[in-house]
Amino acid sequence: MALRLSHAVSDGLRRTLSKTGGILFIGLLIVQIGTQAAVNTAVSSYLPAGLTTQAGLTAGLGLPVSGAGALAIFAALVILSAAFFVIIARTMTQPQDKISTIPVDATRRLGRTTLAMLIGGILISVSVFVGTLFFILPGLFLATSFLFIVFTIAVEDRGVIDGLKRSWGLASGSRLKLFALVVLTTVFGGVIGGIAPLLDYGGIPVASEAIVAVVTAAFLTPYYGILAASYLQLRDERRGVDRRSTEPADASGTAGL
């Protein structure tokens with residue numbers, strides 16, 4: 001059955017306006033600011049001073065650490081954010097009446113699942129990048145097909161390959177509507193990429209980077225909620241589950257592709 005996008009949007013927004021949505025926003029904001037600061041610090045440490053000044057990196061967000069320390073912080077943020085998204089995915093996909101409570105098993109197999117999330121993310125990023133090189137559309141098609149990888153790995157405890165296959169199967173029949181969500185993020189990224197340099201011209205790069213981080217987190221939080229709602233709708237319709245029930249669905253019985 002095809003995705004009912006309007007229902008996914010309304011359900012996703014309800015999930016966003018919860019304690020879990022607030023935690024997601026804060027987490028995204030921390031990751032955005034921390035990553036930007038780590039990248040700025042690393043680049044300004046390893047590039048000649050003239051180049052960093054020209055790029056405006058020395059005046060932006062920074063950390064009081066060496067270039068090696070900034071790279072270590074960046075790597076730690078990547079790993080921690082992957083673990084964070086595992087927990088958030090498991091929380092965000094609970095029944096509505098439990099959405100503000102972290103499930104007791106949210107950290108189950110966290111190390112293995114985080115590793116799978118990292119590997120899956122790298123594979124998708126490379127695939128989408130290569131696909132984009134071929135007239136853009138193949139990259140967008142792959143991004144649409146693997147849109148649910150976070151949930152298939154985190155919620156259903158699948159491995160990387162099985163998670164990719166599962167995401168592909170869930171997207172089947174609804175790719176056109178899911179494609180609209182991918183295009184939305186692409187357009188948002190383009191707008192932010194165009195606005196950020198304009199803010200820098202104001203002579204307050206730290207403030208401009210902070211503003212971009214807040215706006216990005218504010219956009220991605222409801223977007224992630226809509227993705228969670230879309231995943232639940234497609235998963236449950238294929239299994240004949242009534243999500244209005246307060247009992248969580250058992251993911252262990254989900255058939256592999």
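This report describes a pocket, a surface patch and two loop residues in a predicted model.

The model is predicted, so local features need pLDDT of at least 70 and side-chain atom pairs count only at pLDDT 80 or more, while totals for chains, interfaces and linings use all residues. Residues are numbered from 1 along each chain as its sequence is written, and side-chain values use heavy atoms, with hydrogens and water left out.

The largest pocket is lined by 32 residues, and those nearest its centre are Phe 85, Gly 121, Ser 125, Val 150 and Leu 220. A pocket here is an open set of points on a 1 Å grid over the protein atoms alone, where a 1.4 Å probe fits, with protein on both sides within 12 Å along at least five of seven lines, and lining residues have an atom within 4 Å of a point. Helix α5 gives the most to this lining, with seven residues, where a helix is a DSSP run (H or I) of at least four residues, numbered from the N terminus.

Val 126 also lies in α5, and this residue counts as partly exposed because its relative accessibility is 48%; buried means under 20% relative accessible area, exposed over 50%, and partly exposed in between, with a 1.4 Å probe and protein chains only.

Most residues other than glycine have a negative phi. The table lists two residues that have a positive phi although neither is a glycine.

| Residue | Phi | Place | Relative accessibility |
|---|---|---|---|
| Arg 109 | about 45 degrees | loop between α4 and α5 | 54%, exposed |
| Asp 157 | about 55 degrees | loop between α7 and α8 | 22%, partly exposed |

Note on methods
Helices (H or I, at least four residues) and strands (E, at least two) are DSSP runs, numbered from the N terminus.
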